[in-house]
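The following exercises practise the reading of strands, sheets and buried residues. Please work through each task before consulting its solution.

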Amino acid sequence: MGGCYIVRRGGTGGTGCTLTVTAPVGATVTVIKDGKSKPSKVATTGTVVFKGLETGTWTITITNGTDTATKTVEIKADYQAEITFFSATINITYPAGLTCTTTDGVTTLTAPDTSGTWACAVPNAGAWTVALSNGLRGDAVTIAANGESHTINKWYIIQSGVPADIGFATQIISGRTVPTTQGDGYITYKEKEEKSTGVLTDNAIDVTSFNTIVADIDVVTVGTSSNAKFGGPSLVLTPGKAYETFSNAAASITHYTLNKTKGRKNLSIDATSITGNWYVGFAIGENGNFNVYDLWLEV
């Protein structure tokens, strides 16, 4: 792509980039920036060219009298863009009050409100990722064809062994660090100091609107403790973090699910009656060792 020319004072004025738009044959194409548009053109051959565009963000709109589609492009030099009457939907359910976004790495869409439901119409095929403003991440959605519909109601703290933006490295007991190792699709948590310990989300999560909290884990070593909550890998909710003593940490764990056997399994907590902000994580007994594949909340 060539660079934009600059017209000096006394000339026609402004900067000039060329935008070539590939669109459905017969569609009317309009480009607009900062409320000012160029004269519309009809894609009689499937391609239209707009010249003399300023650098910056331009919105391309096409219409055939029945359907309409838009696409936003950032023009820094001569640019080529393709736009079609494409429509696919990601139906998203999330806790009300949060901001929800989805992106394919080029285009980012934001829910028009924080109601907790969003029928997100994506403008093109590709891999779309969904995220919430509290740092939780939704499933990745691959859109392959026009008219597809997908549903998202699971929000990940850890997905395929990778923590979401909410973070997952906070100690449940001050001074008792949990060594971690990144595996292929999982992350290993292993207690090495023969002390009961645990790890939590870096930030508390309002679980009021969630129904279930689930962990997909593979237990290598169960671990031991005189306190049941640490008597094996336990999925836990606690209102605080980095407790100064083991006894304070154990007393503060209000909701938990204890596991005492080895192997791959799901641990879950019914959250339908739980309200408020909680740190989500694992209590680990002495010499406990397990792999975490996914940790998520369902609406």
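Two strands count as paired if DSSP finds at least two bridges between them. The model considered here is predicted.

**Exercise 1. Determine which strands pair with strand 29, and in which sense.**

Solution.
Step 1. Strand 23, residues 197-200, is joined to strand 29 by four bridges, and the pairing is antiparallel. Within this pair, Gly198 lies opposite Ala283 of strand 29.
Step 2. Strand 24, residues 205-206, runs antiparallel to strand 29 and is joined to it by two bridges. Here Ile205 has Trp278 of strand 29 as its bridge partner.
Step 3. Strand 26, residues 234-238, forms five bridges with strand 29, again in the antiparallel sense. Val236 is matched with Gly281 of strand 29.

**Exercise 2. Explain why strand 29 is described as largely enclosed by the rest of the structure.**

Solution.
Step 1. A residue is buried when its relative accessible area is under 20%.
Step 2. Strand 29 covers residues 277-284, and seven of its eight residues are buried; therefore the strand is largely enclosed by the rest of the structure.

**Exercise 3. Is Thr197 buried or exposed, and which residues does it touch?**

Solution.
Step 1. Thr197 belongs to strand 23.
Step 2. Its relative accessibility is 2%, so Thr197 is buried.
Step 3. Leaving aside residues up to four places away in sequence, Thr197 touches several residues, among them Ile172, Val178, Phe230, Phe282 and Ala283.

**Exercise 4. Describe the surroundings of Ser252.**

Solution.
Step 1. Ser252 is part of helix 1, which comprises residues 246-252.
Step 2. The relative accessible area of Ser252 is 19%; since buried means under 20%, Ser252 is classed as buried.
Step 3. The side chain of Ser252 comes to 2.8 Å from the backbone oxygen of Asn248.
Step 4. With residues up to four places away in sequence not counted, Ser252 touches Leu237, Thr238, Pro239 and Tyr243.

**Exercise 5. Which strands stand at the edges of the open sheet with the order 13-10-17?**

Solution.
Step 1. The sheet consists of three strands, and its pairing is mixed.
Step 2. Strand 13 (117-122) and strand 17 (149-152) each have a single partner strand, so they stand at the edges, and one side of each has no neighbour in the sheet.
Step 3. On average, neighbouring strands of this sheet are turned by 20° against each other, direction ignored.
Step 4. Strand 10, residues 88-93, pairs with strand 13 in the antiparallel sense over six bridges. In this pair, Ile90 has Cys120 of strand 13 as its bridge partner.

How values were computed: Residues are numbered from 1 along each chain as its sequence is written. This is a predicted model: local features need pLDDT of at least 70, side-chain atom pairs count only at pLDDT 80 or more; totals for chains, interfaces and linings use all residues. Side-chain values use heavy atoms; hydrogens and water are left out. Buried means under 20% relative accessible area, exposed over 50%, partly exposed in between (1.4 Å probe, protein chains only). A polar contact is a pair of N or O atoms within 3.5 Å; within protein, one must be able to donate a hydrogen and the other to accept it, and residues adjacent in sequence count only if both atoms are side-chain atoms. Contact means heavy atoms within 4.5 Å. Axes are lines fitted to C-alpha atoms, for helices over the stretch in contact, and angles run from 0 to 180 degrees between N-to-C directions.
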